[in-house]
Every structure is written in C-alpha cells, then in structure tokens.
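Below are my notes on the model, set out as numbered points. Please read them with the structure open.

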Amino acid sequence: MTAAMAAFAVEDALVKAVAEILPVGQVMILFGLGGAALFAVVALQRGEALMTRDVMSRAMRIRVVFEITGRLFYVLALALIPLSTATVILQATPLVVVASAAMIFGERVGWRRWTAIGLGLSGVLIILRPGTEGFSALSLLAVVGMLGFAGRDLASRAAPKSLGTAVLGLYGFLALATAGLLFSLWRQEAFRVPDARTALLLTATIVVGTAAYSGLMKAMRTGAVSAVTPFRYTRLLFGLVLGIAMFGERLTPGTLLGSALVVLSGLFILWRGRRAVAA
C-alpha cells in the first residue's frame, strides 16, 4: 500500500508536469489509452474476458460516470493548483465514503465517527479558506474530483464480483480517456505532437500509474483491509514532498492544520471501524 501511494504521488507529479506542456485533454486521452492497453494485456494473459454482461451492469455504469467525473476534475486540479493542495483535499475521500455508506447502504456510524467526519471536512475548509483573500475557486476542482472518486469507490462495492482488478483497471483508464475526449471537444483544443522528452514523461506516467493501481488492488485483496487502509495516508507525505521539491510549493499554516485534521480524522474513523468489527 505504501509503495502504491508513493507511485500515485509520482503519477500526480508527472501528470502536472506534462499538463504544463500539452493540453490537459490530450494528456488524459493518452494517459487513459496507455493505461487501458496495459490492463487489457494483463486481463487477456489471465484469461479474463474484456467484455461481459457484468461490465454493462448498473453498478458499473454508475462507476464509470463517477470515474469520469473524478478523473476529469482531479487532473484539472493537478494542472491548475499546487500539487500539495490537491493531494491534501483528495485525502478526504475516505471521510466522504464512510458518510455516504451510512446514508446509502445503511451502515452504522456512531456519533464519534460522525464527529470525526465533521472535523475532517472542516480541515478541508481550512485549506480552501472560503471567504478570504487566499481562497481560489480553482481549488473546488479538487473537491469535485474527490467527490467523484468517493462515488467511484462506493459504486465499486456494488460492482459484480466476477470482474477482476485488471478489467476494472481497463475501464477505469478508458473512463479517463473519455473524460479527456469530452474536455478536448468542449475546449476545442488542437492536439500537439509531443517531443522526445514529453513522450518519455507520458510513458513514465502510464507505467507508474498502472503500477500504482495494481499495487493498490494487490494490497486491498491480500491484506486485511483494516490493516492496510491507514497506509493510504502516506500519499499525503509523498505528495507534499514532491510539491515542494519539484514545483517549489510553500506550505501555509492553514494547509498544515487542515492536513492534520483530515488525516487524524480518517485514522480515527478507521480505528473505530476496526473496533466495531472486532466487537
């Protein structure tokens, strides 16, 4: 899980770097198609069918819509706001998943976890700083992306168990390419031929991105969920370090305080959930 989170942070940094050279829509299309091709090869090697009736199930259709939303807005956030800010906001995803699971699936969430959810979301508000001079409406792109990923995770729980991780990865990256196509059509952006350096960065993004996704699925399927999930928050550390080292970003006291609230709230929710299962 830690290796997967490090790879995701590197992927985010690479996407941000490439988006400074090529149109954002083109980056999403190329990244999505490259990742989809790799996962298609893996699925075929495992003997998994790429197209079945389960792929078109209602849960998968909902998952794709949320995947497109999450991917589109998060990549836009990476391109337009500091990497550290986007990474921190993304860490609120588990909080939204727990709250939504209680409302949609009727999962039991006690007052302690509701309080932690509230504190974690207040941490996001501290980072966004609405109503102040430091507020940037572009930060809302990361919020919408985070909500899209939360919806994807919830839909994944209802997805047919017959679909393997490679097939889910295939359609996840196809959703990214679709998001890029829609954005390119809306912006009417002309594609650019990448030079050798940019092509190398794109290739590295695809390889690292698929490795990150594979590592995440491996961790979630082979380790106890309650044991490996807390290590998701290592992505925050990697993201902050890369933001400072690669893009010269500066962390404000509000960002640090908000990050602490989000992470501590998430870890508390996981701890309470583990105690509830044990009981």
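1. Helices here are DSSP runs of H or I with at least four residues, numbered from the N terminus. On that basis R235 belongs to helix α11, which covers residues 234-247.

2. The model is predicted, and its confidence should be kept in view. The mean pLDDT of the protein is 86, and 93% of the residues reach at least 70. Among the elements, helix α1 (residues 2-19) has the highest mean, 93, and helix α10 (residues 225-228) the lowest, 63. Where pLDDT is low, the predicted coordinates should not be read in detail.

3. The surroundings of R235 come next. With a relative accessible area of 11%, R235 is buried, because the cut-off for that class is under 20%. Apart from neighbours within four places in sequence, R235 is in contact with M5, F8, A9, D12, Y74, T87, L90 and Q91. With one of these, D12, the side chain of R235 makes a polar contact of 2.8 Å, side chain to side chain.

4. The pairing of R235 and D12 is also a salt bridge, at 2.8 Å from N to O. R235 sits in helix α11 and D12 in helix α1, so this pair ties together parts that are 223 residues apart in sequence. D12 counts as buried because its relative accessibility is 2%, and R235 counts as buried as well, at 11%.

5. How many salt bridges does the structure hold? There are four. One of them joins R71 to E67, whose closest N and O atoms are 3.0 Å apart. R71 and E67 are four residues apart in helix α3 (residues 58-80), so about one helical turn separates them. R71 is buried, with a relative accessible area of 10%; E67 is buried too, at 2%.

6. E67 has a further partner. Its side chain meets that of R152 in a salt bridge of 3.2 Å, N to O. This pair links distant parts of the chain, since E67 is in helix α3 and R152 in helix α7 (residues 139-158), 85 residues apart. R152 counts as buried, at 16% relative accessibility. Through shared partners, salt bridges join R63, E67, R71 and R152 into one network.

7. Is S100 buried or exposed? S100, located in helix α5 (residues 93-104), is buried, with a relative accessible area of 14%. Leaving out neighbours within four places in sequence, S100 is in contact with F105 and L154. The C-alpha atoms of S100 and G151 are 8.5 Å apart in space, although 51 residues separate the two in sequence.

8. I104 is also placed in helix α5, but I104 is exposed, with a relative accessible area of 59%. The cut-off for exposed is over 50%, so I104 falls in that class. Together with M103, F105 and W114, I104 forms a nonpolar patch on the surface, with about 460 Å² of accessible area in all. F105, a member of this patch, is one of the contacts of the buried S100.

9. Two places merit a check by eye in the model. The first is the salt bridge between R235 and D12, which ties helix α11 to helix α1. The second is the network of R63, E67, R71 and R152, in which the pair of E67 and R152 links helix α3 to helix α7.

Conventions
Residues are numbered from 1 along each chain as its sequence is written. This is a predicted model: local features need pLDDT of at least 70, side-chain atom pairs count only at pLDDT 80 or more; totals for chains, interfaces and linings use all residues. Side-chain values use heavy atoms; hydrogens and water are left out. pLDDT is the predictor's confidence in each residue, from 0 to 100. Helices (H or I, at least four residues) and strands (E, at least two) are DSSP runs, numbered from the N terminus. Buried means under 20% relative accessible area, exposed over 50%, partly exposed in between (1.4 Å probe, protein chains only). Contact means heavy atoms within 4.5 Å. Patches are made of residues with over 30% relative accessible area and no salt bridge: like charges are joined within 9 Å, nonpolar side chains (Val, Leu, Ile, Met, Phe, Trp, Tyr) within 5 Å. Accessible areas come from the Shrake-Rupley method with a 1.4 Å probe; for residues, only the protein chains shown count as cover. A polar contact is a pair of N or O atoms within 3.5 Å; within protein, one must be able to donate a hydrogen and the other to accept it, and residues adjacent in sequence count only if both atoms are side-chain atoms.
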